[in-house]
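Student: I have a model open and would like to go through its packing and its odd backbone spots. Can we take it one question at a time?

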Amino acid sequence: LGTGIPKHFLDNIPAELPEKDLDFFFAGQSTYHAPNLSPPMNVNHRRRLMAEAIENKPNGVLIRSKGFTQGIEPKDYYATMARAKVAPCPSGAELPDTFRLFEALELGCVPIADEITEKVNKGEDFAGYWTWFFGEEPPFPVIRDYGNLRGWIDDCVENYPDLNNKCQAWWYQQKWKLKDDIYTEQHITVVIPVSPIKSHPA
């Protein structure tokens, strides 16, 4: 199923999507090591590479935050993302999957997905992850080298609005397909994970 959108998404998105007057938008953690924070923080290395690639790139918004949920307010986050043509979506800590990709698709952005995580340094490579995940090659770019990110953004912007419309039509089809798969499945298994942390409810 993927990470999907966070539960506060629908309560904070604009009532109507605004004009897409920004080339790109990213807000989130992007510093690899911040020893001056309390406590010191290590953040996904891929995000640092991503942020360095687009720093000072014109007609876009890059907002660095100190930690998860410590950036701009959700309404401002989604209002700004909705204005963007492109949304870089660096991988999560464990998998390339990230809710940012699903937020971008819902808000009409072209996500630039990642298929490498920190685990590549431990011998785990997620090449082809998004093609496997969706069962087909997605219409949005998937990146391995953030040295190419500026060029990918420029290419996506040059193909606006055609590429954005293509991604939207594809995304709607993906959601309808998922619905149909669920409704037509004869046997559904529900797996409810539980936490081993003793402070959590049983």
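Student: Before the details, in what order do the elements of the protein run from the N terminus on?

Tutor: Keep in mind that this is a predicted model. The secondary structure comes to seven helices and seven strands. Reading from the N terminus, the order is α-β-β-β-α-β-α-β-α-β-α-β-α-α.

Student: Among contacts between residues at least 6 apart in sequence, what percentage join residues at least 24 apart?

Tutor: The protein has 202 residues, and 41% of them count as buried. For the contacts you ask about, the share joining residues at least 24 apart is 74%.

Student: On to aromatics: how are the rings of Phe 9 and Tyr 78 arranged?

Tutor: There are 16 aromatic pairs in the count, and this is one of them. The ring centres of Phe 9 and Tyr 78 are 5.0 Å apart, which is within the 6.5 Å limit for a pair. Their planes meet at 80°, and anything over 60 degrees gets the label used here, so the pair is edge-to-face.

Student: How many residues apart are Phe 9 and Tyr 78?

Tutor: Phe 9 belongs to helix H1 (residues 9–12), and Tyr 78 to helix H3 (residues 74–82). Both Phe 9 and Tyr 78 are buried. The pair links distant parts of the chain, with a separation of 69 residues.

Student: Pro 74 lies in H3 too, so which residues does Pro 74 contact, leaving aside neighbours within four places in sequence?

Tutor: Pro 74 has a relative accessible area of 28%, so it falls between the 20% and 50% cut-offs and is partly exposed. From Pro 74 to Phe 9 the C-alpha distance is 7.9 Å, although they are 65 residues apart in sequence. With its sequence neighbours set aside, Pro 74 is in contact with His 8 and Asn 12.

Student: Thr 80 is another H3 residue; is Thr 80 buried or exposed?

Tutor: Leaving aside neighbours within four places, Thr 80 is in contact with Leu 22, Phe 25 and Val 61. Its relative accessible area is 15%, and the cut-off is under 20%, so Thr 80 is buried.

Student: What type of aromatic pair do Phe 126 and Tyr 129 form?

Tutor: Phe 126 has a relative accessible area of 15% and is buried, and Tyr 129 is buried at 9%. Ring pairs link both into a cluster whose members include Trp 130, Phe 140 and Trp 171. The centres of Phe 126 and Tyr 129 are 6.1 Å apart with 80° between the planes, so this pair is edge-to-face.

Student: Which three residues touch the most other members of the largest nonpolar core?

Tutor: That core holds 42 residues. Strand E1 (residues 22–29) gives the largest share, five residues. The three that touch the most other members are Leu 101, Phe 140 and Leu 149.

Student: Which residues of H2 and H6 make the contact between these helices?

Tutor: Helix H2 (residues 45–54) and helix H6 (residues 149–158) pack at about 65°, with 8 Å between their axes. By class, the contact has five nonpolar, no polar and one charged residues. Leu 149 touches Met 50, Ala 53 and Ile 54, among others. The contact is made by Met 50, Ala 53 and Ile 54 from H2, and Leu 149, Arg 150 and Ile 153 from H6.

Student: Which residues of H4 are buried?

Tutor: Helix H4 spans residues 99–106, and six of its eight residues are buried. Just after H4, Gly 108 has a positive phi of about 80°. The buried residues are Arg 100, Leu 101, Phe 102, Glu 103, Ala 104 and Leu 105.

Student: For the backbone, what is omega for the peptide bond joining Tyr 160 and Pro 161?

Tutor: Pro 161 is in the loop between H6 and helix H7 (162–184). Over the ring of Tyr 160 sits the charged end of Lys 85, 5.1 Å from the ring centre. The bond joining Tyr 160 and Pro 161 is cis, with omega at about 0°.

Student: Is Asn 56 buried or exposed?

Tutor: Asn 56 is in the loop between H2 and strand E4 (60–65). Its phi is positive, about 70°, although it is not a glycine. Its relative accessibility is 74%, and the cut-off is over 50%, so Asn 56 counts as exposed.

Conventions
Residues are numbered from 1 along each chain as its sequence is written. This is a predicted model: local features need pLDDT of at least 70, side-chain atom pairs count only at pLDDT 80 or more; totals for chains, interfaces and linings use all residues. Side-chain values use heavy atoms; hydrogens and water are left out. Rings of Phe, Tyr and Trp (its six-membered ring) pair if their centres lie within 6.5 Å; planes under 30 degrees apart count as stacked, over 60 as edge-to-face and the rest as tilted. Helices (H or I, at least four residues) and strands (E, at least two) are DSSP runs, numbered from the N terminus. Buried means under 20% relative accessible area, exposed over 50%, partly exposed in between (1.4 Å probe, protein chains only). A charge sits over a ring if NZ of Lys or CZ of Arg is within 6 Å of the ring centre and within 35 degrees of the ring normal. Axes are lines fitted to C-alpha atoms, for helices over the stretch in contact, and angles run from 0 to 180 degrees between N-to-C directions. Contact means heavy atoms within 4.5 Å. Ala, Val, Leu, Ile, Met, Phe, Trp, Tyr, Cys and Pro count as nonpolar, Asp, Glu, Lys and Arg as charged, and the others, Gly among them, as polar. A nonpolar core is a set of buried Ala, Val, Leu, Ile, Met, Phe, Trp, Tyr and Cys residues joined through side-chain atoms within 4.5 Å.
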